[in-house]
Amino acid sequence: MKIMLNNREEIFENESMTVSELLSKKNMTFRMRIVKINGDLVDRNEYDNTTVYDGDTVQVIYLMSGG
Amino acid sequence: MRFTVIREKLRHYKVGIAGAGGLGSNCAQALVRSGVGTLVIADFDTVSELNLNRQFFFRSQVGEKKVEALRENLRRIDPSVNIEVHDVFLDHENTPRVFAGCDIIVEAFDNSEMKQMIIETVAMALPGIPLVVGSGLAGWGGNEKIKSRKIDNNLYVIGDESDEVSEELPPLAPRVGIVANMQANIVLEILLNK
């Protein structure tokens, strides 16, 4: 599948994968984060049960303390 | 666009500021100087001496409520600005009530869990209101690492998205001010294109 991840095209052999699989594959393991798929926020307790498909736009935002 | 026109346009808008620390106080200052008519500012904290290395407060205000001190400072810039203050610890429950009716909201917390909270809350309870988040501003230098990212029409992230504050990497006036002013700059971009 081909997705847009943080505005960059990424190609994977899988036809789909869960958000958790995608995050671990890309080593995006920092825990304070927000994930959006096609503009919709993914519930942080549902990363194992939410699937990313071919053509999806995925945004992962790291939230760093400080302000 | 002439500044008189910019100010006249901005006068009609209401901007929410979630947190009156380094990001919030400096962002509010830029917005008031630009002419934004109404700010809704929420914070539970009081001004401490340690805040003075980056926040828009003065030594004589140490011990005062941040929202009250900030309102006073902003009114010294422009007495006609409307400042609605909420001395409250924001959470999932009260955030929608505090910021209902705002045209845009600036996330200006220091704590990453609070940043996550407001992104989730605005997406759920205030859909359609753009949120401008600051993430990654600790330390000094690294101008080239600070970026502005439009996630979608309702979410913008400013910062390096990598450097977290710590004992050895404190928040300092220049980088905090850069991110706060970039947040204000996005607010103007959105409001002036409306």
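The following conversation concerns a predicted model of two chains, A and B.

User: Before we start, how are residues and chains labelled, and which pLDDT limits apply in this predicted model?
Analyst: Residues are numbered from 1 along each chain as its sequence is written, while chains are lettered from A and ligands numbered from 1 in the order in which they are written. The model is predicted, so to speak of local features requires pLDDT of at least 70 and side-chain atom pairs count only at pLDDT 80 or more, whereas totals for chains, interfaces and linings use all residues.

User: How many residues of chain B are in contact with chain A?
Analyst: On chain B, 30 residues are in contact with 13 residues of chain A. Two residues are in contact if their C-beta atoms, placed from the backbone, lie within 7 Å.

User: Which elements of chain B supply at least two residues each to that side?
Analyst: They are α2 (22-34), α5 (112-125), β6 (147-152) and β7 (155-159). Helices (H or I, at least four residues) and strands (E, at least two) are DSSP runs, numbered from the N terminus.

User: And which one gives the most?
Analyst: That is α5(B), with seven residues.

User: How do the residues on that side of chain B divide into nonpolar, polar and charged?
Analyst: Eleven are nonpolar, eleven polar and eight charged. Ala, Val, Leu, Ile, Met, Phe, Trp, Tyr, Cys and Pro count as nonpolar, Asp, Glu, Lys and Arg as charged, and the others, Gly among them, as polar.

User: Changing topic, what is the secondary structure of chain B?
Analyst: Chain B has six helices and seven strands. From the N terminus on, the order is α-β-α-β-α-β-α-β-α-β-β-β-α.

User: And what about chain A?
Analyst: Chain A has one helix and seven strands, in the order β-β-β-α-β-β-β-β from the N terminus on.

User: What is the radius of gyration of chain B?
Analyst: Chain B has 15 Å, which agrees with the value near 16 Å for a compact globule of 194 residues. The radius is taken over C-alpha atoms, and the globule rule is 2.2 Å times the number of residues to the power 0.38.

User: What is it for chain A?
Analyst: Chain A has 12 Å, in agreement with the value near 11 Å for a compact globule of 67 residues. The C-alpha trace of chain A spans about 40 × 25 × 20 Å along its principal axes.

User: What share of each chain counts as buried?
Analyst: In chain B, 47% of the 194 residues count as buried; in chain A, 19% of the 67 residues do. A residue is buried if 20 or more other C-beta atoms, placed from the backbone, lie within 10 Å of its own.

Note on methods
A residue is buried if 20 or more other C-beta atoms lie within 10 Å of its own, exposed if 12 or fewer, and partly exposed in between; C-beta atoms are placed from the backbone.
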